[in-house]
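Student: I've got this model open and I'd like a close look at just one part of it. Could you pick a residue, start there, and walk me outward through whatever it connects to?

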Amino acid sequence: MSMSNNVVTVITMMGEIVGRVEDETDTTVTLASPRLFVPGQDASGGGFAPGVSMTGAQDLKTATINKSVILTIIPAHESIVKGWVEYTSGIIV
């Protein structure tokens, strides 16, 4: 099953990254507008970091993640997709 162009959650050893699948090879997955999900202080939610790391560049157009650090890739929850679209595009869904 191809995940190309779908918004997914990539669960890695460093955290959960949300983005649209732009490309996939045998060893990597490239996400468009990747954002690290940061949990909130309580169980009521969380939000998106402006990039995929604390010290890296912000508002990346793409990020390529090596599959050796990926635990799983799953479709993002619809409320997360909505939040990601709003955060990355400014369009209220």
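Tutor: Let's start with arginine 35, which counts as buried because its relative accessibility is 4%, under the 20% cut-off. Keep in mind that this is a predicted model, so treat what follows as a reading of computed coordinates.

What does the arginine 35 side chain meet in a salt bridge? The partner is aspartate 59, with an N to O distance of 3.3 Å. The two come from distant parts of the chain: arginine 35 sits in strand β3, while aspartate 59 lies in the loop between β4 and β5, 24 residues apart. As background, side chains of opposite charge can pair when their charged atoms come close.

Now zoom out to the strand that carries this arginine. Strand β3 covers residues 28–39, and there are three pairings to go through. With strand β2 (residues 15–24), β3 pairs in the antiparallel sense over six bridges. A hairpin of three residues joins β2 to β3. To find this pairing on screen, look for glutamate 24, whose bridge partner in β3 is valine 29.

Strand β5 (residues 62–66) also pairs with β3, again antiparallel, over five bridges. Here threonine 30 stands opposite threonine 64 in β5. Then there's strand β4 (residues 46–48), antiparallel to β3 over three bridges. In that pairing, phenylalanine 37 faces phenylalanine 48 of β4.

Back to charges: how many salt bridges does the structure hold? There are two. Besides the arginine 35 pair, glutamate 24 and lysine 67 meet through their side chains, at 2.8 Å from N to O. This pair also links distant parts of the chain, with glutamate 24 in strand β2 and lysine 67 in the loop between β5 and β6 (70–75), 43 residues apart. So glutamate 24 does double duty in our tour: it bridges to valine 29 in β3 and its side chain meets lysine 67.

Are those two residues buried or exposed, or something in between? Glutamate 24 counts as partly exposed because its relative accessibility is 43%. Lysine 67 is partly exposed too, at 28%. Set that beside arginine 35, which is buried at 4%.

One last stop, away from the strands. Helix α1 (residues 78–89) has twelve residues and reaches 16 Å from its first C-alpha to its last, close to the 16 Å expected. Just after α1 comes glycine 90, which takes a positive phi of about 80 degrees.

Conventions
Residues are numbered from 1 along each chain as its sequence is written. This is a predicted model: local features need pLDDT of at least 70, side-chain atom pairs count only at pLDDT 80 or more; totals for chains, interfaces and linings use all residues. Side-chain values use heavy atoms; hydrogens and water are left out. Two strands pair if DSSP finds at least two bridges between them. Helices (H or I, at least four residues) and strands (E, at least two) are DSSP runs, numbered from the N terminus. A salt bridge is a side-chain nitrogen of Lys or Arg within 4 Å of a carboxyl oxygen of Asp or Glu. Buried means under 20% relative accessible area, exposed over 50%, partly exposed in between (1.4 Å probe, protein chains only). The expected span of a helix is 1.5 Å times one less than its number of residues.
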